[in-house]
Amino acid sequence: MAAPRQAADGGALETRGLERILEALKLLLSPGGSGSSSLQITKHDILLATLKSNLSALEDKLLKDPHWKKLKLLRDEIANKAEWPQNSVDVTWSFTSQTLLLLLCLKETMIHLAADFNPGKPNPRTPEAAPALSPDTLSISQQKTVQSVLQFVVTLGVCPYLMPGVGVPLRYRTEFGAVVQDVILDLFHFQDKLTARQFQRVATTTFITMSREHPQLAAKYLLQPMLAPLHRCLNTAEIPESDVVPGTILVTEEELSRCIEDVFKGQMELGHDPSHHFLFPQVYVVGNEPSTVLVDSLLPVLGVLFSLYCFTKQGVSHIRSLCQEILLWILGKLERKKAIASLKGFAGLDKSVPSLHCLCHFRAATQGGIMITIKEAICDEDEDEALYQKVSSEQCQIEHLGDLLSHCQECGLAGDFFIFCLKELTCVAEEHEAELKTKPFSSKSLLELEQHQTLLVEGQEQKLLVLQLVAVLCERMSEQIFTNITQVVDFVAATLQRACASLAHQTESTVESQTLSMSMGLVAVMLGGAVQLKSSDFAVLKQLLPLLEKVSNTYPDPVIQELAADLRITISTHGAFSTEAVSVAAQSTLNKKDPQGKIEGQQQSSRERSTDVSHSHLTQQQSREKSNETDLKSNAPLIPQEVSEPSTTTNQKSGSITTEQLQEVLLSAYDPQIPTRAAALRTLSCWIEQREAKALEMQEKLLKIFLENLEHEDTFVYLSAIQGIALLSDAYPEKILLGLLTQYDSGKDKHTPETRMKVGEVLMRIVRTLGVMVSKYREPLIHTFLRGARDPDSAHRASSLSNLGELCQRLDFLLGSVVHEVTACLIAVAKTDHEVQVRRAAVHVIVLLLRGLSQKATEVLRDVLKDLYHLLKHVVRLEPDDVAKLHAQLALEELDEIMRNFLFPPQKLEKKIVALP
C-alpha cells in the first residue's frame, strides 16, 4: 500500500506545481496603475511601469515564499538550457523571457502529469459515473490565462522583431516583392494535403493583391519567375551558345511540371463560382474576373503551351488536361481579336506570334513528365524525312486545334474563327491572282525571280493551311457552331464575297455555286420566320445588301440571281414584303415538328451532304427543273434545287425510287468525275440507311461497287465507300463481315496495303455499330487481328494491334478462351518486333487491358498476369523507345495498384443482421 500512496502523493505535488505556475503567470498579467496624476504620463510609460512591477513581485515571491521553491528550481533549470538572451535592460524583452520560461515550465509539468496518470478501472455497477479527468486538464479560467500570456508573447516578443514590411499594406511597400518572391512561390508546393490549401490561399491572396495594386512588381517578381521555363524556349529568346548542343536539356521535367501546375492550381480558393466550368487557377482568376497583368503575362507563352498540349496528345501525360484547361480559360478571357490572333499563331498562319524555338523540341522524361531539349542536327540526307516530319507536325497541330475549338462553341470563339478562315480563303485567292498578274519574268533579275518564287511558295502553303483548317473545323464542329445572328450574317457575307471574287477572276466552280445557294437559303429561313428577328438584327442583315446586289447583277445562274434579288428586297423592307419563294422556304422549315416534315428534313440533310456533282449533270438537272418551273415554286425546298443531286436524291419518300433512278446512280458510281462518283456513293448509302427495297435487293452488286471504290485514291471517294460498306454490313452483318475479314487477311499479292487498311477501318465501324452484338463475332475478329499482327507489312501489324485494342474495349475485355493467344501475341510482338510503332501498339494494348479490367484483371488474366509483369519490366529496362517505355511504366503502375487492392482490400464498415433460429 505504500507504493500507491507515494504515487498519489507525487501526483498531488505535481498538481500543486501546475497551480503555482498558473499563479505566477497570473501575477505577471496583473493590471497595474500609476500613483501620479500627471497628464504627461503616457500609456506606454504605464505599460512599462506595470511590467517592471510585476517582474519584481514575481522575483520576491520566488525568493521568499517556500512553497514556490520548487517552481524556482524548475525555472532556473529551463533557463540554463534556453538559447535566447535573458538579462536585458529592455523591460518588454525581460517580461517576454520570463513568460516564455514559465510556459516551458507549464509544458514540462503537464507532460509529467499526463505520463504518470493511471486511472483506475471503471466500476461496472456505476456506469453513470463520469471517467476521471487527466491531471493536466486546465480549467476554463486557467485556459484564458494561458491564452492571454500567448497574446502578450506575440505582441511584445514577436511583432517588434519581424522583417520590415510584414503587416504593412502593400500600397506602403516598395521593393517588398523581391523579399517574398521565393516564399510565395514555395507556398504552392506543399505536399501535405491538409495544410496545402491554407498555404495556397495565402499565396493566391498575395498574387491577386499585388497584381491589382502593383502590377509591375507582380509581373517582375512573381509572374516572370513562375513562367520562366516557358520563356526560356520561345522563338524570341536568345539561347546561349553553350546550350546549343544537341541533347542539351533546356527545361527539366521538374521545372516544366511545376510551372504548369503553378499556373493551374486545382480548385479556386477565393471567390470560386461553383457553376463555372473550370476549377481553375487560383493565381490567374478570382471570382472569374481575370486581372489584365495576369492575362497579359500568359499571352506570350501561349504558343509554347499549345505546342506542349499537342505533344501530350501523342501519348499519356498528366499535364495534358492542365494545358487544355489553361488554353481554354485564357482563350475565353481574352478579347476576341487577341484570341483570334492567338489561334492564327497556333495554326501557323501568323509567324509573328511567339512560338516554340526552332531548335527546341519536347521529349518524354523518365518520371512520366516532359522535358524540353535541343534538337539533333539534320543531315543533308535526311531532308526528306525532315520535310515529312514538318508536314505531319503541322497537320497534327491543326487537328489538335480543331479538338480544342470543339470546346469553344458555346462562347462563340469557334464560330468567329471559322468565319475568319472563310474570309482568309477569299483573301488568299485574291492575293494569288494579283501575284499572277505581275510583270513578266523577262524584266526581273535573278534575285527578284527567287523572291517571287519564294512568295508564291509561301502563298501556296498559306492557302493549303487555310483549306486544311476549314476541312478540320467542318469535321470537328457541330451544327451549333454559330451562336448568334451576327455570326450567321458574317458566314453568309464571307460566302457571297468569295462568290463575287470567283466571278471577278472567272474561276467559278460547282462547289462554290452550291455553297452560295446553301448560304442564301439560310438567310431565307431566317427571314421567313424561323428566327424571331429584331430591328437590331435587320441592321446586321443590311450588311449583305451590297453583296446580294452584286450577285443578282453578275451571277450567271438565273435562279441564284432571282433569289438574291428577293432576299435583298425582304431585308430592305424589314420583312414587310417577301416573295413567295422565301415564304415557302421558311414555312417548310417551321413545319419540321410534323412527322412528315421531319422525314423531309432528314432527306433534305441527306441531299445537303451529297452536293458534289459534275457541272454537266447539273446542267441536265437544271433543264429538267426549268421545264417544271410551276411545280418548283409550289414545292420549293429550304435550299435551292441547284444544291441537290441529279435526280438521285429528289424529294421522294422511302420506297419511291424507280429502277431507272437506281441504274442511273449505279452508272454514276463509275463516273470518272470525282464529285459525281462520290455523290453517287453517298446516295446509295442514304438509300441503304433508309432501307430502300430496290437498293437492298442488289446488295451483292452494291458491295462490289463499294469495294472497288475502296481502292480509289481520292479521300472523298473511298470514305464514301467505307460508309456504304458499314451501312450495308449493318443490314446484313453475317453475309458481309466474314468476307471483309477474308479480304483484310489477304496478302499483298491480292490487295494493296492501303486497301487492307481501309478494310480495317470498315471492320471497326461495323464493330462500333454492332455494339453488344459484337460478342457473337468475337473469335473470328480476334483471330483475324492476331494474324494481322504477324503480317510482313509493319503498318498492317500496327493497325491490327490498334484494332485489337479497340475490339477488346468493345467486348468489355471479356476475351474468353482466347485470352492466352492474345497475351502471347502481345508479349512476342513487344519483345521481338523490329518496328518501334508496332512495339508501341503492343504495349498500348496491354495498358488498355489492365486499365479496362481493373480489379477484374486478377480473375481474367490470372494465368498470364505474371508473364505480362515480366514483359513490362523487360520493356522498361531494355526498350530504346521512350514512348513505349512510358506506356510500360504506366502499365506497371496500374498493375501495382490492382495488386495492392487485391492483397489489401479497403476496409469497409458493414452491418450484418442475422436471424437467429
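# Briefing: helix α34, a three-stranded sheet and the cysteines

In helix α34, the buried residues are His796, Arg797, Ala798, Ser799, Ser800, Leu801, Asn803, Leu804, Gly805, Glu806, Leu807 and Cys808. The model in which this helix is found is a predicted one, and its secondary structure comes to 39 helices and three strands. The protein has 917 residues, of which 43% are buried. Among the contacts with a separation of 6 or more, 70% are between residues that stand 24 or more positions apart in the protein.

**Helix α34 and what surrounds it**

- Helix α34 runs over residues 794–810, and at 1.5 Å a residue its 17 residues should span 24 Å, which agrees with the 25 Å that separates its end C-alpha atoms.
- The helix is mostly covered, since twelve of the 17 residues of α34 are buried.
- The packing partners of these buried residues are five helices, namely α31 (733–745), α32 (753–770), α33 (778–788), α35 (819–832) and α36 (836–853).
- After α34 comes Asp812, a residue whose phi is positive and near 60 degrees.

**Individual residues in and around α34**

- Glu806 belongs to helix α34, and with a relative accessible area of 19% this residue counts as buried, because the cut-off for that class is under 20%.
- Leaving aside residues up to four places away in sequence, Glu806 touches Met764 and Arg768.
- Cys808, also one of the buried residues of α34, has a relative accessible area of 1%.
- Met773 is found in the loop between α32 and α33, where this residue is partly exposed, with a relative accessible area of 49%.
- Between Met773 and Arg810 there are 9.8 Å in space, taken from C-alpha to C-alpha, although the two residues are 37 residues apart in sequence.

**The three-stranded sheet**

- The three strands make up an open sheet, in which the order is β1-β3-β2 and the pairing is antiparallel.
- At the edges of this sheet stand β1 (249–251) and β2 (360–364), each of which has a single partner strand, so one side of each edge strand is left without a neighbour in the sheet.
- From one strand to the next, the twist of the sheet averages 45 degrees.
- As a general matter, the strands of a sheet pair through backbone hydrogen bonds, and the pairing may be either parallel or antiparallel.
- Strand β3 (residues 370–374) pairs with β1 in the antiparallel sense, over two bridges.
- On the side of β1, Val251 stands opposite Ile372 in β3, while Ile249 has Thr373 of β3 as its bridge partner.
- On the side of β2, five bridges join that strand to β3, and the two run antiparallel.
- Phe362 has Ile372 in β3 as its bridge partner.
- The hairpin of β2 and β3 has five residues between the strands, and in this hairpin Gly368 takes a positive phi near 90 degrees.

**How strand β3 is covered**

- Five of the five residues of β3 are buried, so this strand is largely enclosed by the rest of the structure.
- The cover extends to both faces of β3, with Ile370, Ile372 and Ile374 buried on one side and Met371 and Thr373 buried on the other.

**Cysteines**

- The count of disulfides in the model comes to zero.
- Cys310 gives an example, because its sulfur is 8.2 Å from the closest cysteine sulfur, which is in Cys396, and this is too far for a bond when the sulfur atoms of a disulfide must lie within 2.5 Å.
- Cys310 is itself buried, with a relative accessible area of 5%.

**A region named in a record**

- In an unreviewed entry, UniProt lists residues 662–771 and 865–897 under the name "domain: RNA polymerase II assembly factor Rtp1 C-terminal".
- For the span of residues 865–897, the model shows 91% helix and 0% strand, and the end C-alpha atoms of this span lie 14 Å apart.

Methods
Residues are numbered from 1 along each chain as its sequence is written. This is a predicted model: local features need pLDDT of at least 70, side-chain atom pairs count only at pLDDT 80 or more; totals for chains, interfaces and linings use all residues. Side-chain values use heavy atoms; hydrogens and water are left out. Helices (H or I, at least four residues) and strands (E, at least two) are DSSP runs, numbered from the N terminus. The expected span of a helix is 1.5 Å times one less than its number of residues. Buried means under 20% relative accessible area, exposed over 50%, partly exposed in between (1.4 Å probe, protein chains only). Contact means heavy atoms within 4.5 Å. Two strands pair if DSSP finds at least two bridges between them. Axes are lines fitted to C-alpha atoms, for helices over the stretch in contact, and angles run from 0 to 180 degrees between N-to-C directions. UniProt positions are given in the numbering used here, feature names are shortened, and annotations may be inferred rather than shown by experiment.
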